[in-house]
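I opened this entry to keep track of what I looked up, one topic at a time. The sequence and structure come before my notes.

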Amino acid sequence: MAVVDTLLPEPDAAPRRIAVLGATGSIGGSTLDLVARNPGLFELEALTAHRSVAALAEQALRLRPRFVALADPDGYAELKSALDGSGIEVAAGEEAVVEAASRPSDFVMSGIVGAAGLPPTLAAVRRGATVGLANKETLVCAGELMTAEVGRCGATLLPVDSEHNAIFQVLDSEEPAAVDRLILTASGGPFRTRTLEEMRAATPAEAVAHPNWSMGAKISVDSATMMNKGLELIEAHHLFGFDETRIDILVHPQSVIHSLVAYVDGSVLAQLGQPDMRTPIAYALAWPKRMAAPVDKLDLAQVATLTFEAPDAVRFPALRLAREALRQGGSAPAVLNAANEVAVAAFLAGRIGFLAIAEAVERSLERCSWIPIEGLQALFALDREARRCAEEIVEELAARG
Ligand code: NAD
Ligand code: MG
């Protein structure tokens with residue numbers, strides 16, 4: 001296969017053994033697409049999913065991992081019977097997902113959505129694995145803990161989120177003093193040009209219809225509120241060690257420039273590409289080399305125009321909330337994340353309106369008392385408490401109509 005020949009790691013090298021957490025999702029599917037197109041380069045140790053038994057069974061029978069884990073134990077019997085006779089080991093429950101990340105593999109794709117991805121991602125970090133990090137919520141709620149563990153255990157965190165992957169590619173990490181600021185680009189989402197009144201009436205179907213990227217429902221709603229960029233600001237702070245005041249957000253509706261780094265001499269370096277996650281995923285899978293990805297070539301003459309604008313703080317209050325949470329530190333980013341997860345789920349279920357998402361997050365930050373985070377158990381307890389508090393607020397907002 002031609003793509004195999006263009007992969008820079010030596011073609012006769014041993015296959016890279018990988019685990020894909022959240023295999024049935026958008027990131028997981030794109031990762032497995034690259035794996036399937038490059039037979040012989042990768043071997044699958046483990047795949048996990050939440051409760052999509054049929055999709056996970058289909059992937060397992062096609063790609064033959066050694067182990068599959070379903071987070072929801074209720075689907076165990078069905079998955080076990082679907083894989084009967086295949087020789088693939090089957091397990092279920094949250095511990096099984098952690099086991100998938102703990103088993104020996106060189107590379108773990110962290111593609112679960114939400115804080116549920118934290119325990120398995122941490123398990124991969126703790127055994128010193130190379131982790132492709134798509135699951136930004138883990139860094140938002142546990143940034144300090146996670147980066148400390150990465151250092152302590154000698155793990156490697158490779159950013160898969162397209163903005164952070166772009167920065168990783170153009171940031172001179174050997175010369176931090178040469179860097180002035182990071183500039184995260186944002187498409188502006190489906191409501192970039194909508195009025196507040198139009199946004200108030202927005203339906204879940206409209207909110208998940210992203211103009212440029214095809215992604216899971218939660219991150220699509222986050223893009224519509226621009227909380228996604230707020231979470232990415234916190235993610236960038238932890239990945240690259242920049243203070244919040246040195247990270248800018250720039251709306252760029254074409255999603256061609258995936259982010260930029262401004263240097264002290266006035267140079268600004270950017271990474272460009274199609275809005276196709278298989279580019280950053282391929283970067284992480286092949287790192288420190290590169291591999292071919294089946295993405296359309298970027299034709300700038302065809303794109304013709306790249307535009308930029310400042311984000312609108314009034315229609316997108318999530319950006320301010322994320323900056324404030326990052327400045328406060330301690331429990332604030334974890335509360336921001338937990339409340340956002342609860343509010344987005346409530347919006348998708350038709351319980352609250354679109355503008356109530358940011359309102360629920362803001363009220364949760366006010367109501368949930370601030371505490372320092374002194375370890376994982378404290379963080380898990382806080383996450384549960386923040387979700388309970390956010391549920392209460394969602395109830396109030398739903399009753400208000
Ligand atoms: P998705 O909803 O398409 O997929 C989520 C995956 O996680 C599924 O396999 C699902 O079964 C699994 N999952 C969900 N809840 C779980 C739970 N409680 N326990 C165990 N597994 C669970 O989501 P996605 O769009 O692929 O996004 C995944 C992560 O990557 C998110 O953190 C998102 O912010 C980030 N990300 C996604 C994109 C993208 O293009 N999709 C881009 C950048 C970053
Ligand atoms: Mg992103």
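At what angle do helix α16 and helix α17 pack, and how far apart are their axes? Before answering I noted that the model is a predicted one. I found that α16, residues 332-348, and α17, residues 355-367, pack at an angle of about 145°, with their axes 8 Å apart. I then looked up the handedness, and α16 passes α17 in a right-handed crossing. On the α16 side I listed A332, V335, L336, A339, N340, A343, V344 and F347 as making the contact, and on the α17 side I listed I357, A360, V361, S364 and L365. Sorted by class, this contact between α16 and α17 has 11 nonpolar residues and two polar ones, while no charged residue takes part.

Next entry: the metal site. I wanted to know which protein residues serve as donors of the magnesium ion, ligand 2. They are D161 and E163, through OD and OE respectively, together with E232, again through OE, and they lie 2.1 to 2.2 Å from the ion. Along the chain, I read the spacing of these donors as D-x1-E-x68-E. I also checked accessibility for two of the donors: D161 counts as buried because its relative accessibility is 6%, which falls under the 20% limit, and E163, with a relative accessible area of 7%, is buried as well.

Next entry: backbone geometry. I kept in mind that most residues other than glycine have a negative phi, and that most peptide bonds are trans. Against that background I noted the peptide bond from W287 to P288, which is cis, with omega near 5°. P288 is found in the loop that runs between α13 (278-286) and α14 (300-303).

I then turned to positive phi values. M226, although not a glycine, has a positive phi of about 70°, and I located M226 in the loop between α11 (217-225) and α12 (227-240). A304 is not a glycine either, and its phi is positive at about 65°; I placed A304 in the loop between α14 and α15 (318-328).

Is M226 buried or exposed? At 3% relative accessibility, M226 counts as buried. I asked the matching question of A304: is A304 buried or exposed? With a relative accessibility of 60%, A304 counts as exposed, because the limit for that class is over 50%.

How values were computed: Residues are numbered from 1 along each chain as its sequence is written. Chains are lettered from A and ligands numbered from 1 in the order in which they are written. This is a predicted model: local features need pLDDT of at least 70, side-chain atom pairs count only at pLDDT 80 or more; totals for chains, interfaces and linings use all residues. Side-chain values use heavy atoms; hydrogens and water are left out. Donors are N, O and S atoms within 2.8 Å of the metal (3.2 Å for Na, K and Ca); water is not among the atoms, so sites may look incomplete. Buried means under 20% relative accessible area, exposed over 50%, partly exposed in between (1.4 Å probe, protein chains only). Axes are lines fitted to C-alpha atoms, for helices over the stretch in contact, and angles run from 0 to 180 degrees between N-to-C directions. Helices (H or I, at least four residues) and strands (E, at least two) are DSSP runs, numbered from the N terminus. A crossing is left-handed if the near helix is turned anticlockwise from the far one by less than a right angle, and right-handed if clockwise. Contact means heavy atoms within 4.5 Å. Ala, Val, Leu, Ile, Met, Phe, Trp, Tyr, Cys and Pro count as nonpolar, Asp, Glu, Lys and Arg as charged, and the others, Gly among them, as polar.
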